[in-house]
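Student: Hey, I've just opened this one and I'm new to it. Can we go through it together?
Tutor: Sure, have a look and ask away.

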Amino acid sequence: MKKPFGELALIEMIRQRTQRSVSQSGVSRSGVSASGPVRVGIGDDCAILRVPRGHELMVTTDFSLEGQHFRREWHPPESVGHRCIARGLSDIAAMGARPLAAFLSLALPASLAREGTDWVARFFDGLLALADAHGVSLAGGDTAQSPSDEVLADIILLGSAPTGKALLRSGARAGDAIYATGSLGGAAAELQSLSQHPEKFAHMSSKSAADSGSHPHLYPQPRLRVGTALRQRKLATACIDISDGLSTDLAHLCDESDLCAELDATAIPVHPLAAGIFARGEDALLLALHGGEDYELLFTAPANTKMPRRIAGVPLTRIGHMLAKKLEGPQMTLIDAQGKRQPLQPHGWEHFAHGHP
């Protein structure tokens, strides 16, 4: 029989799991070390962090809401935990920052607590595996009973970058080239498959799935090493992560930089999963443009920059260029294979307008 657990037991389980494993850097998941970023972690009223001298603090927060961002009947618990922290890590990557610590507020329905610790333990297996892979400490948070029968999670990620050096959305200039990392549309394609055949994913080995990189929706890979390299090597003028879809996130970049953009449809790297489920290439392109949750990086660089083909093994593809803002005409334009230009509207994810996934 599964033994129900209360809040104190839950907190103790989380504390033990965060302190159990030691990462390759030699810092425990609790982050408490003589030189690490977390001086005091779980166990006190507040965590105590060390911010490196000459650095600024980056803070980002993301909800993971059952029924909006995942479904327990579709997503393995390890995937829910992985995706929960991946969202924040991708924001840190887009700033060219180094992650320091994570804080998780988790509200669980009473029905889940009565079922025992299995789902929660597997959730933390997924979350802590990705945290450990990037040397991130789970330094605190909160637990509560959900007001509904749905799981609610809020993750806060803290990172740092040298003062004045973080990558912003507002740094692009007219004439800059536009680049994307990896490939796009895979997350949306896998979500379609998941919604149709969730049983195929229920017993997936989470470690092999996450390590393979072949499950962009269930186990997205935040591009932290790429973002850091873009900042350190002064390659990028502006950057944003592709969480809401290429069309929507490019619009954000245009807004903040006060520019327009043109994209070459034939250059956009379409994920094999997206290309594989559609007989027509135009449909796969729509997923790449609007699908969202790819957690790749979209960045700009001077047109004459000698950009490497790959950074940390991740392909970089030039997909367009930035233009000076016009008094009339579309903010974004898509150029097709025949050279025809058509307005590109942002049709990616928008909160309060979608029921997702």
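Student: Which helix gives the most to the lining of the largest cavity?
Tutor: That's helix α2, residues 77-94, with four residues in the lining. Keep in mind that this is a predicted model.

Student: Okay, and how much space lies in that largest cavity?
Tutor: About 40 Å³. The structure holds one cavity of 30 Å³ or more.

Student: Which residues line the largest cavity?
Tutor: Ser 64, His 69, Phe 70, Val 80, Arg 83, Cys 84 and Arg 87. That lining divides into three nonpolar, two polar and two charged residues.

Student: Cys 84 is in there. Is it buried or exposed?
Tutor: Buried, with a relative accessible area of 0%.

Student: Switching topic: how many disulfides does a search of the whole structure find?
Tutor: Zero. Take Cys 260, which is in no disulfide: the nearest cysteine sulfur belongs to Cys 254 and is 6.5 Å away. A disulfide needs the two sulfur atoms within 2.5 Å, so that pair doesn't count.

Student: And is Cys 260 buried or exposed?
Tutor: Cys 260 is buried, at a relative accessible area of 5%.

Student: What about the whole chain, how many helices and strands are there?
Tutor: There are 10 helices and 14 strands. The chain has 357 residues, and 52% of them count as buried.

Student: What does the accessible surface come to?
Tutor: About 16,600 Å², with 51% of that belonging to carbon and sulfur atoms.

Note on methods:
Residues numbered from 1 in each chain as written. Predicted model: local features only at pLDDT ≥ 70, side-chain atom pairs only at ≥ 80, totals over all residues. Heavy atoms only, no water. 1 Å grid on protein atoms, 1.4 Å probe; cavity = no way out; pocket = protein on both sides within 12 Å on 5 of 7 lines; lining within 4 Å. Points joined across faces, edges and corners; volume = space filled by probe spheres on them. Helix = DSSP H or I, 4+ residues; strand = E, 2+ residues; numbered from the N terminus. Nonpolar A, V, L, I, M, F, W, Y, C, P; charged D, E, K, R; others polar. Buried < 20%, exposed > 50% of the residue type's maximum accessible area, 1.4 Å probe, protein only. Areas by Shrake-Rupley, 256 points an atom, 1.4 Å probe, with all protein chains shown as cover.
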